[in-house]
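Student: Could you take me through one part of this protein closely, namely how one of its helices packs against its neighbours? I would like a single connected account rather than a list.

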Amino acid sequence: IGSGCIQAAGLDDVLAHKRKADITFAELMQIMHQATGMIFDGILYENRELLRAGTHLLENHPAPSKGPGVAIIPERREAFKNVMPTYDELFHGAVDRIEVAAEKGNWQEAYAGYREITDACVTCHVAWRPFAVSRQPRP
């Protein structure tokens, strides 16, 4: 996901419709992991309801009340906030494709959508983990 894909909507716009919760960004990532696990299991077992539960959680996850930017070192926060809407858009598009494919019983196509999501997860983690506050050397 390159900077050319960054959307005009900012992270604040993306998070405006999300329920705020007293969670850290790491805890949000744990929720997202559970959602993708439910999607995968739904595909694996050809269980549309399990898949829908995962896609619903992925689409309707809460937002950390302090915002996701606090997880990133200050000098990289703005760049992080600018790229997050791209991931959000990618997830929503993949969720739509997954749900349509599952409704048709096309589990291979649903799995392709799932891989889009997990590929984006790995790409983001590789790009941003070095800038995580929790990964910085302690003084």
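Tutor: In this predicted model, helix H2 meets helix H5 through Met-29, Thr-36, Ile-39, Phe-40, Gly-42 and Ile-43 on the H2 side, and through Trp-107, Ala-110, Tyr-111, Tyr-114, Ile-117 and His-125 on the H5 side. Sorted by class, the residues of this contact come to nine nonpolar and three polar, with no charged residue taking part. H5 spans residues 107–128, and its axis comes within 10 Å of the axis of H2, the two crossing at roughly 160°. Because an angle over 145 degrees counts as roughly antiparallel, H2 and H5 are therefore described as roughly antiparallel to each other. The handedness of the H2 and H5 crossing is left-handed.

H2 also packs against a second helix. H2 covers residues 25–44 and H3 covers residues 48–59, and these two pack at an angle of about 155° with their axes 7 Å apart. That angle makes H2 roughly antiparallel to H3, and the crossing of H2 and H3 is left-handed. On the H2 side, the contact is made by Ile-31, Met-32, Ala-35, Thr-36, Met-38, Ile-39, Asp-41, Gly-42 and Ile-43, while H3 contributes Leu-50, Leu-51, Ala-53, Gly-54, Thr-55, Leu-57 and Leu-58. By class, the contact of H2 with H3 holds 11 nonpolar residues, four polar residues and one charged residue. Thr-36, Ile-39, Gly-42 and Ile-43 of H2 are listed in the contact with H3 and also in the contact with H5.

The loop between H2 and H3 deserves a look as well, since Glu-46 lies there. Most residues other than glycine have a negative phi. Glu-46, although not a glycine, has a positive phi of about 50°.

To place these helices in the whole protein, the secondary structure comes to five helices and two strands, which follow one another along the sequence in the pattern α-β-α-α-β-α-α. Of the contacts between residues at least 6 apart in sequence, 75% join residues at least 24 apart. Buried residues make up 36% of the 139 residues, and the protein exposes about 8200 Å², with carbon and sulfur atoms supplying 54% of that area.

Notes
Residues numbered from 1 in each chain as written. Predicted model: local features only at pLDDT ≥ 70, side-chain atom pairs only at ≥ 80, totals over all residues. Heavy atoms only, no water. Axes fitted to C-alpha atoms, helices over the stretch in contact; angles between N-to-C directions. Helix = DSSP H or I, 4+ residues; strand = E, 2+ residues; numbered from the N terminus. Parallel < 35°, antiparallel > 145°, perpendicular 65-115°, else oblique. Left-handed = near helix turned anticlockwise from the far one by under 90°. Contact = heavy atoms within 4.5 Å. Nonpolar A, V, L, I, M, F, W, Y, C, P; charged D, E, K, R; others polar. Buried < 20%, exposed > 50% of the residue type's maximum accessible area, 1.4 Å probe, protein only. Areas by Shrake-Rupley, 256 points an atom, 1.4 Å probe, with all protein chains shown as cover.
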